[in-house]
Amino acid sequence: TEEDLLVFAKIACGEAQFCDDQEQRLVLSVVLNRMKHKEFPDTAIGVASDRKWGIQYASWYDGNANRVPTERNWANAKWVLENGSILPDYVIWQSRGKQGNGVYLKTKWHTYCY
């Protein structure tokens with residue numbers, strides 16, 4: 001939906017604006033995976049604002065997601081919504097350190113966990 005696209009673009013902006021396209025798509029893949037996971041809300045806005053497990057998307061609350069998304073943020077949001085997650089469905093955590101049960105991928109900027 002248009003709301004999903006806006007939320008995804010804001011998360012890309014708030015969580016990974018300084019990162020390359022691949023990293024933005026990884027972050028957004030976690031959002032999409034959470035939307036499909038039984039433990040999380042099934043909407044983008046629900047995932048972005050969910051506090052059940054603490055604040056996954058701090059940018060939603062600290063104001064970073066309120067910056068104006070760049071063209072790359074919009075493009076990556078659209079790409080993930082159209083093409084799907086580039087991570088396995090079970091990867092539902094993204095942060096600067098380990099969360100959950102294990103690390104699937106660690107990049108320069110984030111750690112993606114299951």
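Which residues in H2 meet which residues in H5? In this predicted model, Asp21, Gln24, Arg25, Leu28, Ser29 and Leu32 form the H2 side of the contact, and Arg72, Asn73, Asn76, Ala77, Trp79 and Val80 form the H5 side. By class, this contact comprises 5 nonpolar, 4 polar and 3 charged residues. The axes of H2 and H5 lie 9 Å apart and make an angle of about 50°. An angle of that value is neither under 35 degrees nor within 65 to 115, and H2 is therefore oblique to H5. The crossing of H2 past H5 is right-handed.

Helix H5, which spans residues 71-83, also packs against helix H1, residues 2-16. Here the angle is about 125° and the axes are 8 Å apart; H1 and H5 are therefore oblique to each other as well. H1 passes H5 in a crossing that is right-handed. On the H1 side the contact involves Asp4, Leu5, Leu6, Phe8, Ala9, Ala12 and Cys13, and on the H5 side Asn73, Trp74, Ala77, Lys78, Val80 and Leu81. These residues divide into 10 nonpolar, 1 polar and 2 charged. Asn73, Ala77 and Val80 of H5 appear both in the contact with H1 and in the contact with H2.

The largest nonpolar core contains 24 residues, of which Phe8, Ile11, Leu28, Val31, Met35 and Tyr112 touch the most other members. At least two residues of this core come from each of H1, H2 (21-36), H3 (44-49) and H5. Two of these highly connected core members recur in the helix contacts: Phe8 in that of H1 with H5, and Leu28 in that of H2 with H5. For Ile11, contacts beyond four places in sequence are made with Ala16, Val27, Leu28, Val31, Ala48, Tyr57 and Trp60. Among these partners, Leu28 and Val31 are themselves listed with Ile11 as core residues that touch the most other members.

Beyond H5, Ser85 is located in the loop that leads to strand E1 (93-95). With residues up to four places away in sequence left out, Ser85 touches Ser29, Leu32 and Asn33. Of these, Ser29 and Leu32 also take part in the contact of H2 with H5. The C-alpha atoms of Ser85 and Asp42 are 15 Å apart, and the two residues are separated by 43 residues in sequence.

Definitions and conventions
Residues numbered from 1 in each chain as written. Predicted model: local features only at pLDDT ≥ 70, side-chain atom pairs only at ≥ 80, totals over all residues. Heavy atoms only, no water. Axes fitted to C-alpha atoms, helices over the stretch in contact; angles between N-to-C directions. Helix = DSSP H or I, 4+ residues; strand = E, 2+ residues; numbered from the N terminus. Parallel < 35°, antiparallel > 145°, perpendicular 65-115°, else oblique. Left-handed = near helix turned anticlockwise from the far one by under 90°. Contact = heavy atoms within 4.5 Å. Nonpolar A, V, L, I, M, F, W, Y, C, P; charged D, E, K, R; others polar. Core = buried A, V, L, I, M, F, W, Y, C linked by side-chain atoms within 4.5 Å. Buried < 20%, exposed > 50% of the residue type's maximum accessible area, 1.4 Å probe, protein only.
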